[in-house]
Amino acid sequence: KSSSVIITGASGGIGEQMAYEVAKRGGTPILLARSKESLARISEKIDNDFGIKAPYLVLDVSDRSAIKETFASIIEHHGPIDVLINNAGYGKFEYAVEGSIENFEGMFEVNVLGLIACTKAVLPQMIERQHGHIVNIASQAAKIATPKSSGYAATKHAVLGFTNSLRMEVEDEGIFVTTVNPGPIKTNFFDVADESGQYQKNVERFMLDPKEVASKTVSALFTKKREINLPRWMNVGSTFYQVF
Ligand code: NJP
């Protein structure tokens, strides 16, 4: 049976590209996000290009009861899950003094608690089968902080902490656990993160290709890679930093 790979945030960006990479390697991507039309388009492309039927379901990962129901239904209809790629996430770049507490809360709901809830929804069956891989898309912001990323960097530091602890708990259960820490990637991420366009303008020429991030991530499935770091140079204000 081909491996089933759940991808959250599969309606665009690196999630979409990871879905193609999984299908290219003969796996079955199971696509989750809020935008049904985009998921339908991507699933159809996967069928046309790779002859693989990729199921898709609408899921907002900030809705914890929906996560429980959706994952239970996937397991019931498509059998056990081999891989979960926790990719859904977003940032809102603003100064801590200016950002509303609701903006901080929103990022934690999706990037941290949504990721934890999705992980908890697949872990029991992975432990039972002594088989699986959890991949958490964090960020270079899990390692370094920059101004205006206090909320986003805090969520990604939290993802890294959760992932490192989880690995210790399940590595003897046949389950691999990997964090991916990319630099800036050319996706729609910055349309939400940086409405002024200033940050995007600064880092645009250093941006990673989403296809590269996707192929490096998917080719590490079922390996013991603990972290995939994809460093970039960044221009913050007028100063250039090498990120790692
Ligand atoms: O961004 P984008 P990326 N429930 O905006 C989904 C991290 N990262 O591919 O729900 C469920 O193109 C959204 O789908 P929809 C970043 O933090 C990025 O760049 O239909 N899904 C879409 O499919 C994130 O964790 C950069 O709107 C939700 C997807 O998430 C991951 O990479 C750098 C959702 C976002 O696609 C993918 O981001 C870095 C919700 N509540 C890390 N909210 C970068 N781009 O520079 C959003 O280090 N989604």
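These are my notebook entries on a predicted model.

**Sheet**

I started with the strands. Seven of them form an open sheet, and the pairing is parallel. I read the order as 3-2-1-4-5-6-7. Which strands stand at the edges? I found strand 3 (56–58) and strand 7 (227–230) there. Each has a single partner strand, so one side of each is left without a neighbour in the sheet. I then looked up the twist: neighbouring strands are turned by 15° against each other on average, direction ignored.

Next I checked one pair in detail. Strand 4 (residues 83–86) pairs with strand 5 in the parallel sense, over four bridges. Within strand 4 and strand 5, I noted I85 opposite V135.

**Helices on the sheet**

I looked at helix 2 (residues 36–50). Helix 2 packs on the sheet and touches strand 2 (28–33) and strand 3. Its direction makes about 165° with that of strand 2.

Helix 4 (residues 101–129) came next. I found that helix 4 lies across strand 1 (4–8), strand 4, strand 5 and strand 6 (175–182). It runs at about 175° to strand 4.

**Helix 1**

I checked the length of helix 1. It has 12 residues and reaches 17 Å from its first C-alpha to its last. That is close to the 16 Å expected at 1.5 Å a residue.

Is helix 1 largely enclosed or largely open? I counted 11 of its 12 residues as buried, so helix 1 is largely enclosed by the rest of the structure. Among the buried ones I listed G13, G15, Q17, M18 and Y20. E16 and E21 are buried as well.

What do the buried residues pack against? My list has strand 1, strand 2, helix 2, strand 4, helix 6 (189–193) and helix 8 (210–218). After helix 1 comes G26, and I noted its positive phi, near 90°.

**Ligand shell**

I turned to the ligand. I found 32 residues around it; the closest are G9, G13, R34, G89 and S139. I sorted the shell into 14 nonpolar, 16 polar and two charged residues. Which element gives the largest share? Helix 1 (residues 13–24) does, with three residues. G13 appears twice in my notes: it is buried in helix 1, and it is one of the residues closest to the ligand.

**I144**

Last, I looked up I144. It sits in the loop between strand 5 (132–137) and helix 5 (150–170). I counted 15 C-beta neighbours inside 10 Å, so I144 counts as partly exposed. I also took its distance to H157, 13 residues apart along the chain: the C-alpha atoms are separated by 8.8 Å.

Notes
Residues numbered from 1 in each chain as written. Predicted model: local features only at pLDDT ≥ 70, side-chain atom pairs only at ≥ 80, totals over all residues. Helix = DSSP H or I, 4+ residues; strand = E, 2+ residues; numbered from the N terminus. Buried ≥ 20, exposed ≤ 12 C-beta atoms within 10 Å, placed from the backbone. Near = placed C-beta within 6 Å. Nonpolar A, V, L, I, M, F, W, Y, C, P; charged D, E, K, R; others polar. Pairing = 2+ DSSP bridges. Axes fitted to C-alpha atoms, helices over the stretch in contact; angles between N-to-C directions. Contact = placed C-beta atoms within 7 Å. Expected span 1.5 Å × (residues − 1).
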